[in-house]
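Please look over the sequence and the model below before reading on. The report that follows moves through a few parts of the fold, one topic at a time.

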Amino acid sequence: MLRIFIASSFLLALGAPSLAQDSSIESETGRIAVETFAEGLEHPWGATYLPDGVLLVTERPGRLRLVSTDGAVSDPIDGVPDVLAGGQGGLLDVALDPDFANNRTVYLSYSEERGGGAATSVGRGRLDENGSALSNFEVIFRQEPAVSGRNHYGSRLVFAPDGKLFVTLGERFKMRQAQDPNNHLGTIVRINPDGSVPDDNPFVGKDGADEIWSYGHRNVQSAALHPETGVLWTAEMGPLGGDELNIPEAGRNYGWPVVSWGRHYSGKRIPDPSTRPEFADSIHSWTPVISPSGMTFYTGDMFADWRGDLLISGLSAEGIVRVRIDGKQVAGEEVLALGRRIRDVVQAPDGAVMALTDEPAGKILRLSPAASQ
């Protein structure tokens, strides 16, 4: 394992910000213009594009909004479930049904209060034609058990080419529970779009929760499909050091908290993964941490030199980490320094890169090649 150490067609309300250039940054492939595309979002967390080029964006306090192609932010969409907003919890990720063009189904992950505790849940509803409300919202998956605490909910939603839905989950800071495959803490689960269990999941009929794909994870907030192989890649937050990049395999145990490339917050050492070959190891790790939260494989033309690279939004890194991939290995990386905690990163239809800032007055930043002087 290579280890590198590195410090819509509808009209929206008035008030769309103009795309005036804010600044530029240097990268290995040339200067990049950084512009404020949209603002006035409270801790934006996840985003996805609708077929008409409008962004659907979650705000952690519990609001879902549309952001038009000129950057105008809509009023909150009705029909969003109640969320437990606090700490790292709230309204989290958003994804479109693979057949959204016909069924207009939207999936949300969020922290839900229940049973004296809280855990991550996933639900779905139909977005109406004018984008103002979700109807018939239903919960399709609940992480079990619900526990106390405000941290480590995960969670990203990724549809695989076969239509199955991957949901990444944190261990809710109940570390030892990540080693128990009979619960969902510290796991990646794989479900059908209606929440039922696929017959070919690795623990079906065995000792473990039927929904689990892999376990022994800490807090997985980054997930994306490789554009050529269709295989799931994830990045998860380590403790004091040891953020990981993984290609989660069915049924494998990724070792947390028995092994890690980092240490406990107290400074106490944790055995390295190489000391326990029964655990699956990451393909790459970061110390100091980048705090990965959201990622995408770049497939556009605007940044031709980035095609095939993995773009990871970094909270501690305060930017986007561009990772060059060679097969299943990391060939190199650079941090695109934006000076803000970046919660999610998505590729725009035109190939620009959009970054969500994790701030009370959050923004969506647009990255594009800077014009030649």
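## A sheet with two edges

In what order do the four strands of the open sheet with antiparallel pairing follow one another? In this predicted model, the order is β19-β20-β21-β22. The strands β19 (292–297) and β22 (329–337) stand at the edges with a single partner strand each, so one side of each of them is left without a neighbour in the sheet. Neighbouring strands of this sheet are turned against each other by 20° on average, if direction is ignored.

The pairing of β21 with β22 can be followed in some detail, for eight bridges join strand β21 (residues 319–326) to β22, and the two run antiparallel. Within this pair, arginine 322 stands opposite glutamate 334, which belongs to β22.

## A covered strand

Strand β13 (residues 187–191) is mostly covered, since five of its five residues are buried. Are the two faces of this strand covered or open? Both faces are covered: Thr187, Val189 and Ile191 are buried on one side, while Ile188 and Arg190 are buried on the other.

On either hand of this description stand the pairings of the strand. Four bridges join strand β12 (residues 165–168) to β13, the two running antiparallel, and in this pairing phenylalanine 166 stands opposite arginine 190 of β13. Three bridges join β13 to strand β14 (residues 212–215), again in an antiparallel arrangement, and here threonine 187 stands opposite tyrosine 215 of β14.

## Salt bridges between parts of the chain

The structure holds 27 salt bridges, and a few of them are described here. Glutamate 35 forms a salt bridge with arginine 366, and the closest N and O atoms of this pair are 3.4 Å apart. Because glutamate 35 lies in strand β3 (residues 32–41) and arginine 366 in strand β25 (residues 362–369), the pair ties together parts that are 331 residues apart in sequence. Are these two partners buried or exposed? Glutamate 35 is buried, with a relative accessible area of 11%, and arginine 366, at 15% relative accessibility, also counts as buried, because buried means under 20% relative accessible area.

Another salt bridge joins glutamate 138 to arginine 124, with the closest N and O atoms 2.8 Å apart. This pair links distant parts of the chain, for glutamate 138 is in strand β10 (residues 134–142) and arginine 124 in strand β9 (residues 117–127), 14 residues apart. Glutamate 138 counts as partly exposed, its relative accessibility being 37%.

## A bridge from the covered strand, and a network

Arginine 190, already met as a buried residue of β13, forms a salt bridge with aspartate 200, and the closest N and O atoms are 2.8 Å apart. The pair links distant parts of the chain, with aspartate 200 in the loop between β13 and β14 and arginine 190 in strand β13, 10 residues apart. The two partners differ in their cover, for aspartate 200 is exposed, with a relative accessible area of 54%, whereas arginine 190 counts as buried at 5% relative accessibility.

Some salt bridges share partners, and in this way Glu28, Asp309, Arg322, Arg324 and Glu334 are joined into one network. Two members of this network have appeared above, namely arginine 322 and glutamate 334, which stand opposite each other in the pairing of β21 with β22.

## Loops and a surface patch

Which residues make the nonpolar surface patch of about 320 Å²? The patch is made by Phe173, Leu240 and Tyr265. Leucine 240 lies in the loop between β16 (232–236) and β17 (243–246), and at 47% relative accessibility it counts as partly exposed.

Another loop residue is glycine 30, which is found between β2 (21–25) and β3. Glycine 30 is partly exposed, with a relative accessible area of 25%. The C-alpha atoms of glycine 30 and tyrosine 49, which are 19 residues apart along the chain, are separated by 27 Å.

## What the record adds

An unreviewed UniProt entry places the feature "domain: Glucose/Sorbosone dehydrogenase" at residues 41–366. In the model, the end C-alpha atoms of residues 41–366 lie 15 Å apart, and the span is 1% helix and 40% strand.

Conventions. Residues are numbered from 1 along each chain as its sequence is written. This is a predicted model: local features need pLDDT of at least 70, side-chain atom pairs count only at pLDDT 80 or more; totals for chains, interfaces and linings use all residues. Side-chain values use heavy atoms; hydrogens and water are left out. Buried means under 20% relative accessible area, exposed over 50%, partly exposed in between (1.4 Å probe, protein chains only). Two strands pair if DSSP finds at least two bridges between them. Patches are made of residues with over 30% relative accessible area and no salt bridge: like charges are joined within 9 Å, nonpolar side chains (Val, Leu, Ile, Met, Phe, Trp, Tyr) within 5 Å. Accessible areas come from the Shrake-Rupley method with a 1.4 Å probe; for residues, only the protein chains shown count as cover. A salt bridge is a side-chain nitrogen of Lys or Arg within 4 Å of a carboxyl oxygen of Asp or Glu. UniProt positions are given in the numbering used here, feature names are shortened, and annotations may be inferred rather than shown by experiment. Axes are lines fitted to C-alpha atoms, for helices over the stretch in contact, and angles run from 0 to 180 degrees between N-to-C directions.
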